[in-house]
Amino acid sequence: MPGKLKVKIVAGRHLPVMDRASDLTDAFVEVKFGNTTFKTDVYLKSLNPQWNSEWFKFEVDDEDLQDEPLQITVLDHDTYSANDAIGKVYIDIDPLLYSEAATVISGWFPIYDTIHGIRGEINVVVKVDLFNDLNRFRQSSCGVKFFCTTSIPKCYRAVIIHGFVEELVVNEDPEYQWIDRIRTPRASNEARQRLISLMSGELQRKIGLKVLEMRGNAVVGYLQCFDLEGESGLVVRAIGTACTLDKLSSPAAFLPACNSPSKEMKESPLVHPPSHGCRSTHNSPIHTATGSRLTQNFSVSVPTLIYTGMGSGSAGKEGGPFKALLRQQTQSALEQRGGSPHRFCRRREFPFFTLTAFPPGFLVHVGGVVSARSVKLLDRIHNPAFVGIMGNTRSYKLLDWNSFNSDEPETRDAWWAEIRQEIKSHAKALGCHAVVGYSESTSICEEVCILSASGTAAVLNPRFLQDGTVEGCLEQRLEENLPAGCGFCHIPYDELNMPFPAHLTYCNNCRKQKVPDVLFTTIDLPVDATVIGKGCLIQARLCRLKKKAQAEANATAISNLLPFMEYEVHTQLMNKLKLKAMNALFGLRIQITVGENMLMGLASATGVYLAALPTPGGIQIAGKTPNDGSYEQHISHMQKKINDTIAKNKELYEINPPEISEEIIGSPIPEPRQRSRLLRSQSESSDEVTELDLSHGKKDAFVLEIDDTDAMEDVHSLLTDVPPPSGFYSCNTEIMPGINNWTSEIQMFTSVRVIRLSSLNLTNQALNKNFNDLCENLLKSLYFKLRSMIPCCLCHVNFTVSLPEDELIQVTVTAVAITFDKNQALQTTKTHAEKLLQRASTDNEELLQFPLELCSDSLPSHPFPPAKEHLESASSNSGIPAAQRATSVDYSSFADRCSSWIELIKLKAQTIRRGSIKTTVTVEKASPMGEGNFRNRSAPPCANSTVGVVKMTPLSFIPGAKITKYLGIINMFFIRETTSLREEGGVSGFLHAFIAEVFAMVRAHVAALGGNAVVSYIMKQCVFMENPNKNQAQCLINVSGDAVVFVRESELEVVSTPQPAASCQPSCTGGEVTT
Amino acid sequence: MTSELDIFVGNTTLIDEDVYRLWLDGYSVSDAVALRVRSGILEQTGATAAVLQSDTMDHYRTFHMLERLLHAPPKLLHQLIFQIPPSRQALLIERYYAFDEAFVREVLGKKLSKGTKKDLDDISTKTGITLKSCRRQFDNFKRVFKVVEEMRGSLVDNIQQHFLLSDRLARDYAAIVFFANNRFETGKKKLQYLSFGDFAFCAELMIQNWTLGAVDSQVDDMDMDLDKEFLQDLKELKVLVADKDLLDLHKSLVCTALRGKLGVFSEMEANFKNLSRGLVNVAAKLTHNKDVRDLFVDLVEKVSCSVGCPLTPSWPVPGLYQCWMLPWTHSSWNPAAPTTGH
């Protein structure tokens, strides 16, 4: 009996009136965990009952602690009839199971009912006493930390990054198993909510077990999804990256060091370009090529598609031996783990990482985007086929119509395994042994399911993959040879044996290695990447009509369409990238959604101009009928328009690449500025001469042939994308390339739109236009709504498309708007050095993990092209402005020790503020939620609300603040249903209220854990169904994120300097805005 | 292509002050959009009418959801569904409870009943304020009235505590509640020139000096009901007019107290006798409910007529009232009434 769960029900408030006669409620509470139930007394006739119950104690296995949610049901007592349920609260007690996270859950939780929504609040205190018995860790995995964040969490350092963990569990869906489908909506909704809560607990426990077997202690980049397969069941699956993490802040160790040494550490990375290729980019395989060539490059393997073609992994020229060595080591590292005699070794055969940002030095090279899709038929439960082979064999067939019993998770396992296998082989073809920024998704329509996986093929530094023993000469040499800011761009594959025809040029940065001309990746922009100008959101949108069909015919039709869609999406992306005068895409996410009669494709990515890559060529339009004069004229008109757009975009995104590259001192290869075209076949030899011929001139224009109206449409649609209004930027990555002076105001939001297509004569073009308009209008609306935040940037813009019905298209967007300081943005041309400095100030923990390397080495020279700004930055390195230096002092280390002090100051500040204003309401401060209280400092009558502010953001950080503690993962699933749709304000009113309620419940849980923010927040699912004729609607929402405690950097300063708080106060009050 | 569903939900609830005002003023979504278009917002932001429509809808929906909470403002503070910065919460509440001068003059002193509510369309037509807005304002009055009636303690404090209004607005509501409770007639043509501010000023003084609460702070309804005993005692004031010596003494005391403080001092001094007689006559009748209701009508009719000059804004009821009451409140001398404390 390894755990005792203790629950106390304190009070309720704002309860609904359950007794019409008295306008009051006789409420009591049932507390249920596992099969044990306790009840409080009935508190008669009150809407604000004070139960103040005893401690209810549950003695349970830690396995149950992990799986089961705590269920709290509030009921209205009725003497004569059955008690009426008011609503429920599910509390995931997982955060209490690891020592560093929360110790108590205490606070006001919204009481939620699936029919009525939130109905009042209940104050609950939950504690767990764990009896640590290490032998018991057979079935439970208490103590493994989970993070949604797709980078190493801010107050930890990665000792080892073990690799991929995955698991899935399958169950029947209560919605469909209800006897004869006669269900009360409430009963079936609650059964579903409870089941999914249970399944995700179980899933997390199982993944935790795998992590323990790998000797890790945490899962980073944990992504859990639900597949509602309808009649064939409910799948909950999760992937993540197992790591061994060390907590960074031990106050005693760092406190004395905070002055001089930490500063040194901070500065040293600037002048230390070696190894910090933190994030990778992908190489887009389809390069400056003519229209006809495009098709060549494109490999159409049904149903999976790889952007980058095939290639062998033999050593390249210069960095060749290194690369080979590195590759060998990486592989051996990976294989060693894969081959280890553990039970779950099979799963570790996939060298995948769900991370999108990496510790410095982790990422060495990036190959390109790899993706695989597979169309599957979901089977009815009674179909017994293939059960025989279920044991250990897996099917690696690309397309497998054979039915499996869906009760068996192995069926789904096998499906995913084959997709992963394919991804792995694609990565290998690119000369890479690992896949980073890896993610998986599904799209289901009736019985057809598209499984998708994508990631970025990469070469990793083996140092992190094994127990620290490998660090040796290889690493040293490696670092010497990899200049910062461009290392990750260098091709990992062999240029003689290129997987696809592409233009390779010498890296503009180091001049030593080859780079592709365009790079596509699914990860975030590495912090040390040298970027010119700003980035922007680039989207490709596409619809394809499909005939309605059944089963296999349907699946075949879909799989036939898929490659064409991928191809077009890719072409669109490429065109738009060129139009923006940029040369790389980060955070690429391609979503294919299947509906009854159409397929939708939506690709989002953030375009940037990487200094290391060649300047992109323009877009050239070629007409097919050269004789027609007016046609010619039209073409030239279009061409002019395109050129104008490119020029305008260059200005807009401040893309002014340095023109002169020859003057680089010590540039090894003088680059002749010839306009020559590289058309390299595999047989072509690559001696020095040809290499010198490589160039990055403007001649490599991208040619668009206009041979029919479709093509014309495409060109037009290229030009219809309106840039965001001035003062707005948008990207779908964590940080906006080119902006680094964030201020602290953030606003996270979710926006949902559903349009109904007029069913008459739908054509692909009309469909495309509708879809395009939908997305563009949505963006325009966002810009308008957030206009008060200008200058600001929409970060982590995440579009999700679904096709709930025949003629309905639903687009859901979640993003965060962050303000930035415009003035500062203008003066600081982002140089590599400055960016690093900035970064150092915000998360120098990452850098602190290599204090020895960073401090002891001498300063290698900057291998930057000597553009003016670089020179400036280099010179400024020696004398970093005092202000910047001040911000870069590391306070995290002693934050813990000082936290009580901070509290004290906050309290004082609060009392002072309170004293100065007239308040009439007396409110006692609820202790766990008081955290955010001190921020509410305005407006007389409302100044003392008990509701703490909880920020939410899809990013892994909070601008201007330091995350001091991770409290645990938030993973919540809600169903809301109504039978009075009109009365609730129609579909919009219904969904608006529901999403607001979901936010509220997330915030309440975070506050109860003692946190004040959710980072890496994501709305993974928002399934909306309506039946207006019956006045009904139903919606399912699944959200997750990491609950954290953050402290404003300005407040940290208050602590560090014994100066009166007054001097620092303005800076922290200024940006105080709730989100 | 028709938009079926279109929503935007922020973690911090977005409040657009301009749209909030339009909503409070009772405009429909389409009217609000038209008004916003006219304000030139499209040109400023480069947005389209469709964007504006969707934005307005969003805000209206939010306000609609917030309205339930605004009916009990402390709930707005404690609720968890909308995360709104405190300054914005205060703004929402303050604006929601704000009222139009034109409207309040129409219903001031009327019974806040269903009957009055039915007349709102007439008021709407007369004042040009939308019916929706009239209803909101009326319901606000009524709600505040219901909550604070039969409550102990200071009326203003009670209102402030239960509705979190600013001091100024709470005082206005206290006046409205006080007038509604005592049903003072304010709608007569003769009283039209008086502003709500004038009445509110009177109400405040009356609450301070004439109500039960002025004597005992532990009674229910203490600031709302007039002190019957006090009204009874006012009869005794007749001596001030009847007795020549007392009249002179009263005059000298009032004049000393008001010299230099009143713009119309000389007129007051010249007409003191008539003035005093008028006031005392009105005061003596206040034992009848009907006469209490007509207090302001009588003051204007009898007092100002007896003085021979109509009460003008520079010689308003409050001024009158003040000068008349001053000797009882500010001097220790007290001829007849045992109401010195008032």
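The following exchange takes up a few assignments in chains A and B and the definitions behind them.

User: What kind of model is this, and how are residues and chains labelled?
Analyst: The model is predicted, so local features need pLDDT of at least 70 and side-chain atom pairs count only at pLDDT 80 or more, while totals for chains, interfaces and linings use all residues. Residues are numbered from 1 along each chain as its sequence is written, chains are lettered from A and ligands numbered from 1 in the order in which they are written, and side-chain values use heavy atoms, with hydrogens and water left out.

User: Why is A:Ser1016 called buried?
Analyst: Its relative accessible area is 8%, and buried means under 20%, exposed over 50% and partly exposed in between, with a 1.4 Å probe and protein chains only; A:Ser1016 is therefore buried. A:Ser1016 lies in strand S32 (residues 1013-1027) of chain A, a strand being a DSSP run of E with at least two residues and a helix one of H or I with at least four, both numbered from the N terminus. Phi of A:Ser1016 is near 50°, a positive value in a residue other than glycine.

User: What makes A:Glu446 exposed?
Analyst: The relative accessible area of A:Glu446 is 57%, so this residue counts as exposed. A:Glu446 is found in the loop between strand S16 (434-445) and strand S17 (448-460) of chain A, and its phi, too, is positive, near 50°.

User: What makes the peptide bond from A:Ile790 to A:Pro791 notable in its omega?
Analyst: That bond is cis, with omega near 0°, and A:Pro791 lies in the loop between helix H14 (764-785) and strand S28 (792-802) of chain A.
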